[in-house]
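Welcome! Take a moment to turn the structure around before reading on.

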Amino acid sequence: MKIFMKMQKIAWLTILFIGLYSCKKEEEKAPIIVKQEIKVAPKYEFGFNLDEFDVVVDTIRSGDSFGKILFENHIGFGKIEEIVQATKDTFNVKRLNVGKRYTVLRSKDSIQKAQYFIYQSNKIEYVVFDFASDSISKAYTAKKPIKLVEKTASGAITSSLSESLDTAGLNIYISHELSDIYAWSIDFFRLQKGDTYKIIYTERYIDDSIYAGIKEIKSAVFVHNKIPFYAFDYKSDVVEGITDYYDETGKTLRSQFLKAPVKFSRISSRYNLKRRIKYYGNRIRPHKGTDFAAPIGTPILATASGTVTESTRRGGNGKYVKIRHNGTYSTQYLHMRKQNVKKGQTVKQGDVIGWIGMTGNTGGPHVCYRFWKNGRQVDPLREKLPAAKPIKEALKAEYLTYIQPLKAQLDSIKFEPIEINKNNN
Ligand SMILES: [Zn+2]
């Protein structure tokens with residue numbers, strides 16, 4: 001009995017020893033297994049049936065290289081060199097970035113030799129290196145299948161647009177899109193309490209389930225001062241690939257100038273020829289600009305395309321930029337922290353020409369926006385500015401038919417309670 005116990009003990013120890021030994025041996029042979037993070041993978045990914053392979057999923061770490069990873073997955077240096085040469089026109093393997101996901105599909109046999117290396121440059125795009133066969137290796141780029149899901153949202157303005165969208169759980173992209181769409185038609189600095197918006201937008205999902213952001217706003221209606229401003233995204237020039245937003249009659253929402261040179265700021269002082277300032281003994285100090293207050297460093301945008309005629313620093317103006325748009329109009333932007341353009345440079349509407357600062361004569365961070373018409377300063381908020389081109393006459397009937405169901409859908413969106421999709425954040 002005692003002997004039997006002893007034998008059993010020896011047997012156990014032997015098994016334990018063999019076990020430890022074999023583990024160690026395997027680790028030396030294939031160190032990759034240590035960092036292997038196999039998750040419950042879907043059967044198909046990147047167009048492969050994963051069940052047919054030994055799958056290694058990992059992220060690029062600092063010190064990793066294409067060669068190192070392949071070598072760890074049992075590809076010899078000669079073959080690695082051949083793969084790099086054969087695929088260099090599709091993807092430069094030196095461009096692997098730390099933190100990006102990769103997948104190695106290895107043979108299911110005991111050799112576990114890599115056959116495909118898949119590098120995901122982002123959530124959607126990936127590149128496949130195919131060296132499964134003994135013949136020449138190749139590489140190709142591909143995209144994961146994207147499902148578009150249409151959503152609707154609505155809300156009312158309580159204080160500012162961004163705050164309202166925030167309350168509605170809508171992400172920053174929506175507010176930027178809306179302010180872009182309506183930059184030429186609604187003054188977002190003078191929104192009223194009770195202004196409302198409804199939007200139809202599409203979201204992207206990868207492999208049916210992974211949220212990948214908002215694709216676009218298809219249509220919107222913004223009710224400002226009880227006036228509805230409709231916007232419909234429409235491909236108005238198939239040849240040039242131009243899409244733009246038009247209203248319910250086919251008019252473009254763009255006019256020649258942006259309503260403001262800063263997104264999401266507030267007007268701290270309007271154009272006022274009879275302004276009196278206490279500091280100067282209540283004397284009249286006309287203010288021939290419109291001040292937009294915003295934090296230091298906020299980008300200042302060209303309100304229309306044109307040529308930079310001045311980019312300098314002078315007295316009370318501080319650092320400023322002046323742009324000539326045509327024979328009639330020029331605009332000027334004062335108190336910048338720094339300019340982003342040089343004299344003589346051409347700028348497009350919406351380009352960042354500098355950043356909000358406090359240079360020159362100013363009590364706080366803002367841009368003083370000055371609007372020149374025929375050499376005289378005027379109040380842009382009172383100017384009747386020319387509108388841009390409407391939709392082509394030949395396309396108008398088609399457009400009006402296209403927007404009919406969208407408009408009906410917009411009109412049927414209920415305001416209360418606000419429909420919220422918290423997943424958007
Ligand atoms: Zn000013």
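What follows is a short tour of a metal site, a pocket and one tyrosine.

This is a predicted model: local features need pLDDT of at least 70, side-chain atom pairs count only at pLDDT 80 or more, and totals for chains, interfaces and linings use all residues. Residues are numbered from 1 along each chain as its sequence is written, and side-chain values use heavy atoms, leaving out hydrogens and water.

Let's start with the zinc ion. Its protein donors lie 2.0 to 2.3 Å from it; donors are N, O and S atoms within 2.8 Å of the metal (3.2 Å for Na, K and Ca), and sites may look incomplete because water is not among the atoms.

| Donor residue | Donor atom |
|---|---|
| His-287 | NE2 |
| Asp-291 | OD |
| Cys-368 | SG |

Along the chain, these donors follow the spacing H-x3-D-x76-C. Asp-291 lies in strand β16 (residues 290–293) and Cys-368 in strand β23 (residues 366–373), so the pair ties together parts that are 77 residues apart in sequence. Strands (E, at least two residues) are DSSP runs, numbered from the N terminus.

Next comes the second largest pocket. Among its 22 lining residues, Arg-275, His-287, Asp-291, His-335 and Asn-361 are the closest to its centre. A pocket is an open set of points on a 1 Å grid over the protein atoms alone where a 1.4 Å probe fits, with protein on both sides within 12 Å along at least five of seven lines; lining residues have an atom within 4 Å of a point. Strand β23 gives the most to this lining, with 3 residues.

Finally, meet Tyr-271, in the loop between β13 (266–269) and β14 (276–277). Tyr-271 and Gln-377 are 106 residues apart in sequence and 9.6 Å apart in space, C-alpha to C-alpha.

Notes: Helices (H or I, at least four residues) and strands (E, at least two) are DSSP runs, numbered from the N terminus.
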